[in-house]
Amino acid sequence: MKYIRKILGALVVFFDALTRPKPIERSVDAQSDVDGRSKNLSLYQFHACPFCVKVRRTLHKLNVNIELHDAKTDKIGNELLKEGGKRKVPCLRIEKDGKVQWMYNSKDIIVYLQNSFA
Ligand SMILES: N[C@@H](CCC(=O)N[C@@H](CS)C(=O)NCC(=O)O)C(=O)O
């Protein structure tokens, strides 16, 4: 089962790399606005998780460059569990006005990114 999951994960990553949509092109000013507004975001994720791949595709398409944390490692996985409440990915960390929100569902994350940066 573990190996089947590994193979499926590798296939998802492979097909994502083959079929990635072109990123949105923006003026220098518009891209710099997006870069500024996305500074407070980071994504906790696994490289080969299909839900994480979906979120990374959206980030790529919207040309939003945020920090990615590999929650497979004990350090980051435990940080996610401690701070966010669950060791589940994808999880978007949103820091706003000194408060931190942990958004856990890929569909919610994608809607949030589209509403913020499309
Ligand atoms: N419905 C969730 C599913 C996320 C999910 O199942 N993630 C898996 C990795 S592919 C996970 O974090 N599993 C660990 C766990 O559930 O504790 C989403 O769309 O984000």
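This passage looks at how the helices of a predicted model pack. Residues are numbered from 1 along each chain as its sequence is written, and local features need pLDDT of at least 70, with side-chain atom pairs counted only at pLDDT 80 or more, while totals for chains, interfaces and linings use all residues. Side-chain values use heavy atoms, leaving out hydrogens and water.

Take helix H4 to begin with. H4 spans residues 74-84, helices being DSSP runs of H or I with at least four residues and strands E runs of at least two, numbered from the N terminus. Ile76, Gly77 and Leu80 are its buried residues (buried is under 20% relative accessible area, exposed over 50%, partly exposed in between, with a 1.4 Å probe and protein chains only). These residues cover an arc of only 100° around the axis, so they sit on the same side of H4; the arc is that of the directions from the helix axis to the C-beta atoms. Their packing partners are strands E1 (41-45), E2 (67-70), E3 (91-96) and E4 (99-103), where contact means heavy atoms within 4.5 Å. The face turned away from this buried side carries exposed Asp74, Lys75 and Lys82. Just after H4, glycine 85 takes a positive phi of about 110°.

Over in helix H2 (residues 28-37) lies glutamine 31, which is buried at a relative accessible area of 15%. Leaving aside residues up to four places away in sequence, glutamine 31 touches Arg26, Asn63 and Asn65.

As for H3 and H5, Phe51, Lys54, Val55, Thr58 and Leu59 of H3 meet Ser106, Ile109, Ile110, Leu113 and Gln114 of H5.
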